[in-house]
Amino acid sequence: MRSLANTWAPTIAASNARRVQRFGLSRGVEPSRLGGVALQRDAGDRPDARVPAGRMFALWAQLAVALDRTVSIQVAERSTLEDLQLLGFTLTTAPTVEEGLAAFLRFSPLLSDAFGWSLS
């Protein structure tokens with residue numbers, strides 16, 4: 001009998017991972033230079049599709065080598081709240097900044113369950 005204990009692995013929204021991959025490809029990074037970390041559409045285009053967080057971290061590392069160590073800042077500068085889909089909608093429709101931050105903390109696992117966020 002197989003044990004299901006400790007089978008949880010952190011994940012990231014596939015839509016976010018594909019956005020990061022598209023950024024690298026748009027900057028001329030050859031898919032082969034991503035060291036096999038390129039994200040396939042194996043999860044489909046479902047809004048709830050996830051990829052292992054380790055795969056996303058490997059993608060970031062390969063892009064930093066291929067482009068620049070500031071690649072995460074470059075991606076962030078070109079991102080909008082709409083890129084976050086439902087989480088972004090929740091943030092943009094919050095009546096106050098405080099409620100927007102509270103919503104982000106509550107619903108951030110939609111983007112990634114690899115991290116825990118707190119506000120202090």
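**Helices, strands and pockets of the predicted model**

The chain has 5 helices and 2 strands. The model is a predicted one. Along the sequence, the elements follow the pattern β-α-β-α-α-α-α. The chain holds 120 residues, and 31% of them are buried. Contacts were also considered by sequence separation. Among those between residues at least 6 apart in sequence, 64% join residues at least 24 apart.

Helix α1 covers residues 14-26. Of its 13 residues, 10 are buried, so α1 is largely enclosed by the rest of the structure. The buried residues begin with a run from the start of the helix: Ala 14, Ser 15, Asn 16, Ala 17, Arg 18, Arg 19, Val 20 and Gln 21 are buried, and so are Phe 23 and Gly 24. Both arginines, Arg 18 and Arg 19, are thus in the buried set. The cover over these buried residues includes both strands, β1 and β2, together with helices α2, α3 and α4. The length of α1 agrees with expectation, because its end C-alpha atoms are 18 Å apart and 13 residues at 1.5 Å a residue should span 18 Å. Gly 28 follows the helix, and its phi is positive, near 90 degrees.

Helix α2 spans residues 53-66. It has 14 residues. From first C-alpha to last, α2 reaches 20 Å, close to the 20 Å expected at 1.5 Å a residue. Its buried residues are Ala 53, Met 56, Leu 59, Leu 63 and Ala 66. Viewed down the axis of α2, these residues fall within an arc of 150 degrees, so they line one face of the helix. Their packing partners are β1 (11-13), α1, β2 (50-52) and α3. The contact with α1 appears from the other side as well, since α2 is among the elements that cover the buried residues of α1.

Helix α4 covers residues 85-92. Gln 85 lies in this helix. Its phi is near 55 degrees, a positive value in a residue other than glycine. The relative accessibility of Gln 85 is 41%, so the residue counts as partly exposed. Thr 90 also lies in α4. Leaving aside residues up to four places away in sequence, Thr 90 touches Ala 103 and Phe 107. Thr 90 and Ala 103 are 13 residues apart in sequence, and their C-alpha atoms are 6.9 Å apart in space.

Helix α5 runs over residues 97-107, with Gly 100, Ala 103 and Phe 104 buried. Seen down the axis of α5, the buried residues fall within an arc of 100 degrees, so they line one face of the helix. They pack against α4. Ala 103, touched by Thr 90, is one of these buried residues. The face of α5 turned away from the buried side carries the exposed residues Glu 98 and Arg 106.

Pockets were then examined. The largest pocket holds about 380 Å³ of space. Its lining comprises 19 residues, and Asn 16, Arg 19, Trp 60, Leu 84 and Leu 111 lie nearest its centre. Asn 16 and Arg 19 are both buried residues of α1. Helices α1, α2 and α3 (71-77) each supply at least two residues of this lining. By class, the lining divides into 12 nonpolar, 6 polar and 1 charged residue.

The second largest pocket has a volume of about 210 Å³. It is lined by 14 residues, of which Ala 13, Pro 47, Leu 84, Gln 85 and Leu 110 lie nearest its centre. Two elements, α1 and α4, give two or more residues to this lining. Helix α4 gives the most, with 3 residues. The lining has 8 nonpolar, 3 polar and 3 charged residues. Leu 84 is listed nearest the centre for the largest pocket and again for the second largest pocket. Gln 85, with its positive phi, is also among the residues nearest the centre of the second largest pocket.

Methods: Residues are numbered from 1 along each chain as its sequence is written. This is a predicted model: local features need pLDDT of at least 70, side-chain atom pairs count only at pLDDT 80 or more; totals for chains, interfaces and linings use all residues. Side-chain values use heavy atoms; hydrogens and water are left out. On a 1 Å grid over the protein atoms alone, a cavity is a set of points where a 1.4 Å probe fits but cannot get out, and a pocket is an open set with protein on both sides within 12 Å along at least five of seven lines; lining residues have an atom within 4 Å of a point. Grid points are joined across faces, edges and corners, and a volume is the space filled by probe spheres set on the points. Helices (H or I, at least four residues) and strands (E, at least two) are DSSP runs, numbered from the N terminus. Ala, Val, Leu, Ile, Met, Phe, Trp, Tyr, Cys and Pro count as nonpolar, Asp, Glu, Lys and Arg as charged, and the others, Gly among them, as polar. The expected span of a helix is 1.5 Å times one less than its number of residues. Buried means under 20% relative accessible area, exposed over 50%, partly exposed in between (1.4 Å probe, protein chains only). The arc is that of the directions from the helix axis to the C-beta atoms. Contact means heavy atoms within 4.5 Å.
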